[in-house]
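Trainee: I should like to learn how to read the features of a protein structure. May we work through one together?

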Amino acid sequence: MSADLPDVAELQLLFAQYNFVYFNGEIPSFKIAYNARFSNVAGRITYKPPLIELSPKHLRGKAEELRDTLLHEMIHAWLYARGENPGHTPTFKRKMKELGLTSIYHDLGTAAPLNPSNKRYVLRCEKCGMELLRKRKPPANLMCARDRRELKVFEIVEMREVEPARAANRRL
């Protein structure tokens, strides 16, 4: 990774340290990795396989947010290991408060891609907001897997950087 992010071996050590200090070693082994594709989330957990992924785009240069994001995902893992609901339940929120975490949400915004994309098409479900990027033009009548609605297809014809203030004003 970059100089201001711990490498994955250091992430594994942080996981082990936090597991011992904050969870009495109750969390079974999880692989900790970076996922550069994340654009809207700072972290994500899957239980099978046991994996915690962190966004280098959102966490680069933000050591405190990296710690908080890893601990947030570890609370999910801890609840799951105890056979409890791993969602954002009252138990989850109590553990967050105990660890000094203030919100289940991260105010890190969206992040620019680390590498330019060669994707030319955006497929969007107007109901649930799910979006997919594709290199090739997709076939007609594609359906959203979540709500069985037809996906709208947009072709990306120009990529240009926009000043944040101008982008915010355009949304109004």
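The dialogue below takes up confidence, helices, sheets and loops in turn.

Trainee: How far may the coordinates be trusted, and what is the average pLDDT of the chain?

Mentor: This is a predicted model. Where pLDDT is low, the predicted coordinates should not be read in detail. Here the chain has an average pLDDT of 83, and 80% of the residues score at least 70.

Trainee: Which element of the chain has the lowest mean pLDDT, and which the highest?

Mentor: The lowest mean, 55, belongs to helix 5 (residues 164-171), while helix 1 (residues 8-23) has the highest, 95.

Trainee: Let us turn to helices. What span should helix 3 have, and how far apart are its end C-alpha atoms?

Mentor: An α-helix has 3.6 residues a turn, so residues three or four places apart point the same way. For the length, one reckons 1.5 Å a residue; the 19 residues of helix 3 (residues 63-81) should therefore span 27 Å. The C-alpha atoms at its ends are 27 Å apart, in agreement with that expectation. After helix 3 comes G83, which has a positive phi, near 80°.

Trainee: At what angle do the axes of helix 1 and helix 3 cross?

Mentor: The two axes cross at roughly 60° and come within 11 Å of each other. Helix 1 and helix 3 are therefore oblique to each other. The crossing in which helix 1 passes helix 3 is right-handed.

Trainee: Which residues of helix 1 and helix 3 meet?

Mentor: On the side of helix 1, the residues are L11, L14, F15, Y18, N19, Y22 and F23. They meet L66, R67, L70, L71, M74, I75 and W78 of helix 3.

Trainee: I now wish to read the sheets. What is the strand order of the sheet that contains strand 1?

Mentor: Strands of a sheet pair through backbone hydrogen bonds, either parallel or antiparallel. In this open sheet of three strands, the order is 1-3-2 and the pairing is mixed. Strand 1 and strand 2 are the edge strands, each pairing on one side only. On average, neighbouring strands of this sheet are turned by 20° against each other, direction ignored.

Trainee: In which sense do strand 1 and strand 3 pair?

Mentor: They pair in the parallel sense, over four bridges. Within this pairing, K31 stands opposite L51 in strand 3.

Trainee: Which strands do helix 1 and helix 3 lie across?

Mentor: Helix 1 lies across strand 1 and strand 3, and runs at about 135° to strand 1. Helix 3 lies across strand 1, strand 2 and strand 3, and runs at about 20° to strand 2.

Trainee: What is the order of the sheet that contains strand 4?

Mentor: This is an open sheet of three strands in the order 5-4-6, and its pairing is antiparallel. Its edge strands, strand 5 (131-134) and strand 6 (152-155), each pair on one side only. Neighbouring strands here are turned by 25° against each other on average, direction ignored. Strand 4 (residues 121-124) is joined to strand 5 by four bridges, and R124 stands opposite E131 in strand 5.

Trainee: Finally, the loops. Where does P49 lie, and is the peptide bond from K48 to P49 cis or trans?

Mentor: P49 lies in the loop between strand 2 (43-47) and strand 3 (50-54). The bond from K48 to P49 is cis, with omega near 0°.

Trainee: What is the phi of N24, and where is this residue placed?

Mentor: N24 has a positive phi of about 55°, although it is not a glycine. N24 is found in the loop between helix 1 and strand 1 (31-34).

Terms used: Residues numbered from 1 in each chain as written. Predicted model: local features only at pLDDT ≥ 70, side-chain atom pairs only at ≥ 80, totals over all residues. Heavy atoms only, no water. Helix = DSSP H or I, 4+ residues; strand = E, 2+ residues; numbered from the N terminus. Expected span 1.5 Å × (residues − 1). Pairing = 2+ DSSP bridges. Axes fitted to C-alpha atoms, helices over the stretch in contact; angles between N-to-C directions. pLDDT = per-residue confidence, 0-100. Parallel < 35°, antiparallel > 145°, perpendicular 65-115°, else oblique. Left-handed = near helix turned anticlockwise from the far one by under 90°. Contact = heavy atoms within 4.5 Å.
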